[in-house]
Each structure stands twice: as C-alpha cells, then as structure tokens.
2 protein chains.
Amino acid sequence: MINSIVNHVTKHIELSESEIEEFCGLLEEVTAQKKTLLIQPNDIVTKEYYVVNGCLKAYYLDESGNKHILQFAIEDWWISDFEAFFKGEPANLYIEAIEDSVLLSINKNVLDELYLRIPKFERFFRLKTEGAFVSLRARILDSLQKTNKERYLKFCELYPQIEKRVTNYHIANYLGIKPESLSRIRKEINRS
Amino acid sequence: MINSIVNHVTKHIELSESEIEEFCGLLEEVTAQKKTLLIQPNDIVTKEYYVVNGCLKAYYLDESGNKHILQFAIEDWWISDFEAFFKGEPANLYIEAIEDSVLLSINKNVLDELYLRIPKFERFFRLKTEGAFVSLRARILDSLQKTNKERYLKFCELYPQIEKRVTNYHIANYLGIKPESLSRIRKEINRS
DNA sequence: CGTCTATTTGAATGTACTCAAAAGCGGTGG
DNA sequence: CCACCGCTTTTGAGTACATTCAAATAGACG
C-alpha cells in the first residue's frame, strides 16, 4: 500500500530512505465502502486523498438535483474538493466511493510544514498540480471543439480502466450529457 | 513595470530586497503589437508571460479553421501554451496580442534553477498553478451545469474588464458557442 | 425470484447551428 | 470631411442534435 504511493511520488522526485519514511509517517489510511461520502458540501476540507485501490467520484449537485461529475479517481490518482482544500473554504462537492476503496490521506497543515522542511515535496505537488491543470485545459478544449460522440470516444480511449468500471450514467454526468443521449450515441457507434 | 509583477508575487510570498532583485534580473521585457503571435503551433515553448499591460488570447485552431479560445490575459495575468511550457513539447496553441501589449517573460530553465536556489519561488508558482487549476475546475463545472446565457452573464460578471475590451466574437469563441448564437442571447438579455 | 438500478426506445419539444445576407461600426485614404 | 473597406454584429429561415417525459427492457444483487 505504502509502496504504491512511494512509486508514484518517486516518478517525479528522488527520495532518500529517510525522506520516504518521513513522508509515509504523515499519511493516514482511510477505507471507504461503496456509497460512502468522504466529503460533502459545507465540510471543512483538510485532506486530499491518494487512491491505493478502488474508484471514487467528485460531483456537484445542482438546485434541480442533477449530478455533475467533475472527476473520477482510480488507483494512483488523487481526489478531493481541491478548491476547498487549497483555499480552506467549505466544500461544494461530494466525494463518494463508487467501489469499496482504500485511500491514503494527507492533511493540509502537515503538508505545508513538510514543504518547509523538505522543499522537494513542494516540487512534487507543484508538478502534480501542473499536470492536473494541463489535463483540465485539454478537457475544456475538447468541450469547445468536439462533438459529444467524439468526446465519449476520447473518454473511452483515455480512461479505459474507468470506462469499464463505472456506469454509463456516470459517464454521461461527466461528459455533461443526459444518459438517454449517451445511450443513443453508443447505439450509433455500435451500428458502424 | 517591474513594480506590477513584484506586487503580484508578494501577494503570495514575502521577499527580501535581494530576492526581488534576483527575480527581476531573470525577467525579460517583451512588447507585442496587436495581432502579433507570441507562440504558434510547433514552436518550442521556453517562456511564460506575465502581462504588464495589454490584452492577449490563447487559442486552438481546429481542422475546420474554427478558433477556440482557451484563455484571455490582461494586466496581472500569466499566459503561455502551458502544456507545451510545462512538458517541453511543441506548442498546439496560438498566443496572440489582441491589443498592443507589454509583457515580462521568464524562461523555464531559469525558473527551474531559481526554484533550487530560493524554494519560496517554487511556492509562488505552486500557488499560482493551484489557483489556475481551481479556476478551470469551476469553468468545467459551469459548462456542465449552466445554460449558455448563464455562462455569458457569469463571464461578464467575472471578467468585466475583459468583456469591455474584446469583441463578442471572441467571447463566443471562449464560451464555445457561435457568434450568431451569442448575439441572440444578448438580444434576449437586453429585452428583459 | 423480486427489487432496484441502469439502459434503451419513442415521440414531441427546444435550443443551437448552418448558411446567407443585411446592417452597423471604425478606421483609412482620397 | 466624406466615401469606402473590412470586420463585427444582427437577422432570418431551415436543419440537426440533445433534451424532456414516459415507458419498456435489461441487468445486478440479495
């Protein structure tokens, strides 16, 4: 379990044994059964979560009760209400386990102290955020540019592991289309 | 000119006089007349740009020749093809001045060295990227959730300085709708 | 087997798009 | 200072596509 996050981190920065130990000492194991909410609106968000195994979603519920999925997370991904986490504001999102999941959490204050002691970790999280930022830019570009059919196909191509594990209902929520529409899109794809 | 970026940076981190001097020594002044391209596809992107004054856009041109604007930048904003800049890959975007502009550029290698010498700057850029990441998340959420009319109104509310300075044609490209559609939306807003 | 949830289908509606053209606006040069 | 040119915005009519609402079917799980 610890192995997976260490591998993850050392893909971006080099760590000594003692640094690994120090970092791992700051992590807490969290388990979340399917349908458990890790975060809900108005929670104070002090943690971000690394997924050791399982599958989760981050979504916003609008006034009409529609779910809008901002992010999925599977093995080796991070998830949180990042706006609330970064800014120290109350959450707007729900974070919910789609499968029974095992996570490692890290606390924001603990992280800020770690940055001061070992700046390399600040580098790691800078690089992680840069990567996430770039992915979101690509997602926006696709939403400006591509048809819903193309966006669905790209989703399947980009995240085959997610596509296999979540319902189409979820994927529709992520793409911003209605499940009925996605069903018709899938029908059309199968015909060709 | 240097003042504006120093104010900008010191909103997030505290700097000594010598640190300010060191940082400013790394910046280069760039001027770009209206319609000048700072970056175009396949360029190697070694710089990101801080806007001292002026107005620019970052856009993608698809196969059909449609512009999709990913970002505007006015005073106190940063702009680049960040994917290319962070990853050291060739550009996919155009960065173009909408008005005559004055910018300060910083080179990626120079920045990476600065992070090693003064980790505080790595903090600054981490915080800047976190903020940008959060903004993109909000933009995606809006595109999932809101009608085009609502998104236009939110754009006007969020970026009144930009709305005043760019054409509706540009705003339509940014929102991912056709200029004709935006025109009809505006007409409807004025009626009420 | 029965229940709950997810997926599919149908028909009617609505919203944005396409294409084409006109009107408005700003800047330039005669 | 006016006429013209290029670009932006508006308008119209027809089309395409996603949505809504309702209902049927299919699958998963206990």
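Modeller: Helices (H or I, at least four residues) and strands (E, at least two) are DSSP runs, numbered from the N terminus. The model is predicted: local features need pLDDT of at least 70, side-chain atom pairs count only at pLDDT 80 or more, and totals for chains, interfaces and linings use all residues. Residues are numbered from 1 along each chain as its sequence is written, while chains are lettered from A and ligands numbered from 1 in the order in which they are written.

Colleague: Let's start with the DNA. Which element gives the most to the surface near DNA strand C?

Modeller: Around DNA strand C there are 15 residues (near: C-beta, placed from the backbone, within 6 Å). At least two of them come from each of helix H8 (168-175) of chain A, helix H9 (179-191) of chain A and helix H9 (179-191) of chain B. With six residues, the top contributor is H9(A).

Colleague: And which residues are the closest to DNA strand C?

Modeller: By class, this surface has three nonpolar, six polar and six charged residues (nonpolar: Ala, Val, Leu, Ile, Met, Phe, Trp, Tyr, Cys, Pro; charged: Asp, Glu, Lys, Arg; polar: the others, Gly among them). Both protein chains appear among the closest residues, which are A:Asn168, A:Tyr169, A:Ser183, B:Lys178 and B:Ser181.

Colleague: Now DNA strand D: which element gives the most there?

Modeller: Strand D is surrounded by 15 residues, the closest being A:Lys178, A:Ser181, B:Asn168, B:Tyr169 and B:Ser183. H9 of chain A, helix H8 (168-175) of chain B and H9 of chain B each supply at least two residues of this surface. The class count near strand D is three nonpolar, six polar and six charged. The most, six residues, comes from H9(B).

Colleague: What turn lays chain A on chain B?

Modeller: The superposition gives an RMSD of 0.0 Å with a shift of 0.0 Å along the axis (least squares on C-alpha atoms of residues with pLDDT of at least 70 in both copies). That is the relation of a two-fold axis. The turn is 180°.

Colleague: Which element gives the most to the side of chain A that touches chain B?

Modeller: Each of the two chains puts 27 residues into the contact (C-beta atoms, placed from the backbone, within 7 Å). On the chain A side, strand S5 (67-73), helix H3 (82-87) and helix H5 (119-145) each give two or more residues. By class, that side has 14 nonpolar, five polar and eight charged residues. The most, 18 residues, comes from H5(A).

Colleague: Why do the copies meet through the same surface?

Modeller: It comes down to the interface residues of chain A. The copies meet through the same surface because the share of these that are also interface residues in chain B is 100%.

Colleague: Which residues of H9(A) meet H6(A)?

Modeller: H6(A) contributes A:Asn148, A:Lys149 and A:Tyr152 to this contact. The contact residues divide into three nonpolar, two polar and one charged. On the H9(A) side they are A:Ser181, A:Leu182 and A:Ile185.

Colleague: Last one: which are the edge strands of the sheet in chain B?

Modeller: Four strands form an open antiparallel sheet in the order S1-S8-S3-S6 (a pair has at least two DSSP bridges). S1(B) and S8(B) (residues 101-107) share five bridges, with B:Ala32 opposite B:Ser101 and B:Thr31 partnered with B:Val102. Six bridges join S3(B) (residues 47-53) to S8(B), where B:Val51 stands opposite B:Leu103. Pairing on one side only, the edge strands are S1 (28-32) and S6 (78-79).
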